[in-house]
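These are my notebook entries on a single model. I set down below what I looked up, entry by entry.

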Amino acid sequence: MLYSFLHESHRFFGYITVRSFLTLFSATLIFFILGFWFIERIKKLSIKQHIREEGPSEHKKKEGTPTMGGLLIFVSSFIPSLLWLDLSNHYVQAILFSSLYFSFIGILDDLLKIKKGSNKGLKAIQKLLLQISGAGILFLFLYLKNQNITFISFPFFKEWIFDIKIFYFLLFLLIVVGSSNAVNLTDGLDGLATGVTLFCALAFSVLSYSSGNKIVANYLQIPYVPGSGELAIFFAALVGASLGFLWFNAPPAQIFMGDAGSLMLGGTMGVGASIIKQEFLLPFIGGIFVIEALSVIIQVISYQLFKKRVFLMSPIHHHFEKKGMAETKIVVRFWIITILFVLLGLTTLKLR
């Protein structure tokens with residue numbers, strides 16, 4: 001909206017880099033403006049986090065901490081996106097829909113937990129069906145706009161570009177639903193999911209800009225996706241919203257993200273990675289999310305088949321807590337690992 005008006009008056013506002021900075025700054029500012037009021041409002045409404053009984057005993061002191069901070073992450077990233085993005089771009093329409101849809105699922109889940117007075121919200125099958133439905137709608141929309149979405153490329157190998165046709169639908173579902181749930185599983189320690197998301201979103205902002213710029217894409221020998229550069233601005237909004245939320249979520253957290261934030265953050269990263277054809281780079285950059293999800297899968301399979309636990313507790317960040325490692329140390333070390341994963345992922349752009 002604001003972009004269209006300002007772009008007509010001055011070409012300066014047409015640059016993606018300029019709008020990315022303005023969006024990042026706007027998202028952070030909105031969060032700071034609304035943050036204190038939002039937390040107090042949530043407290044008055046008694047919207048509080050319920051800690052699961054089987055969790056680490058140290059987490060009991062967090063019982064009653066305000067939750068649903070993800071709602072403010074959504075608002076503080078969505079509003080600047082509406083202001084600074086080219087809303088006529090169908091990739092922008094897709095990413096904004098994914099933000100809205102996955103936020104809705106998370107809010108519904110959080111509200112059910114509050115109503116039940118426990119950490120049990122939507123049933124797993126209900127949440128999964130809602131996620132699959134949203135991903136299916138997004139795939140159909142993107143496919144109708146651009147049939148080339150079914151092409152895939154691989155890191156390290158510039159010649160490996162294949163059209164997998166209808167099978168891409170299954171891959172798309174796996175990426176979007178998987179990344180949404182992976183971020184959700186990672187959200188278990190103060191500042192953990194937020195910090196990891198911040199670095200990943202920053203990386204995807206760079207990747208989106210590169211993918212949408214023909215000169216840069218050709219130089220890096222990555223798929224050129226016309227119009228996808230606008231997603232750099234959306235991911236900048238996520239960086240700004242994450243910065244704002246981290247201010248309040250840093251240990252000890254004043255507010256928790258809840259599913260309203262984690263499902264949205266993961267879902268939009270999955271959609272964005274698919275649009276810019278970096279589906280297989282997502283596991284590199286979001287390595288911590290993959291590790292967290294795999295730890296749960298391994299734990300469940302091991303216990304179901306052999307009645308033995310591989311980890312003291314899953315997701316894996318709880319395993320380290322059980323071993324006596326301080327929460328802040330786990331969080332900072334996971335951030336460091338994420339930075340290394342991000343650098344590794346971006347390095348693959350030149351190893352082709």
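Entry 1, a loop residue. I located Gln 221 in the loop between helix H8 (214–220) and H9. The model I am reading is predicted. I then looked up the backbone of Gln 221 and found phi near 60 degrees, a positive value in a residue that is not glycine. As a reminder to myself, most residues other than glycine have a negative phi. For Gln 221 the relative accessible area is 34%. I record Gln 221 as partly exposed because that value lies between the cut-offs of 20% and 50%.

Entry 2, a second positive phi. Lys 277 is not a glycine either, and I read its phi as positive, about 60 degrees. I placed Lys 277 in the loop between H10 and H11. Is Lys 277 buried or exposed? Its relative accessible area is 8%, which is under 20%, so I enter Lys 277 as buried.

Entry 3, the partner of Lys 277. I followed the side chain of Lys 277 to that of Glu 279, and the two are joined by a polar contact of 2.8 Å. Glu 279 is found in the loop between helix H10 (259–275) and helix H11 (282–285). I noted a relative accessibility of 2% for Glu 279, so this residue counts as buried. Which residues does Glu 279 contact, once its neighbours within four places in sequence are left aside? I listed Phe 151, Ile 152, Tyr 168, Ile 175, Ala 273 and Ser 274.

Entry 4, peptide bonds. I reminded myself that most peptide bonds are trans. I found the bond from Pro 251 to Pro 252 to be cis, with omega near -10 degrees. Pro 252 lies in the loop between helix H9 (231–249) and H10. The bond from Ser 314 to Pro 315 is also cis, and I read its omega as near 0 degrees. I located Pro 315 in the loop between helix H12 (287–306) and helix H13 (316–322).

Entry 5, the nonpolar core. I looked up the largest nonpolar core, which has 84 residues. The members that touch the most others are Ile 73, Phe 172, Phe 204, Phe 235, Ile 275 and Ile 285. H9 supplies the largest share of this core, 10 residues. I then took Phe 204 for a closer reading. Leaving aside neighbours within four places in sequence, I found Phe 204 in contact with Phe 235, Ala 273, Ile 276, Leu 282 and Ile 285. Ala 273 thus appears in my list for Glu 279 and in my list for Phe 204.

Notes:
Residues are numbered from 1 along each chain as its sequence is written. This is a predicted model: local features need pLDDT of at least 70, side-chain atom pairs count only at pLDDT 80 or more; totals for chains, interfaces and linings use all residues. Side-chain values use heavy atoms; hydrogens and water are left out. Helices (H or I, at least four residues) and strands (E, at least two) are DSSP runs, numbered from the N terminus. Buried means under 20% relative accessible area, exposed over 50%, partly exposed in between (1.4 Å probe, protein chains only). A polar contact is a pair of N or O atoms within 3.5 Å; within protein, one must be able to donate a hydrogen and the other to accept it, and residues adjacent in sequence count only if both atoms are side-chain atoms. Contact means heavy atoms within 4.5 Å. A nonpolar core is a set of buried Ala, Val, Leu, Ile, Met, Phe, Trp, Tyr and Cys residues joined through side-chain atoms within 4.5 Å.
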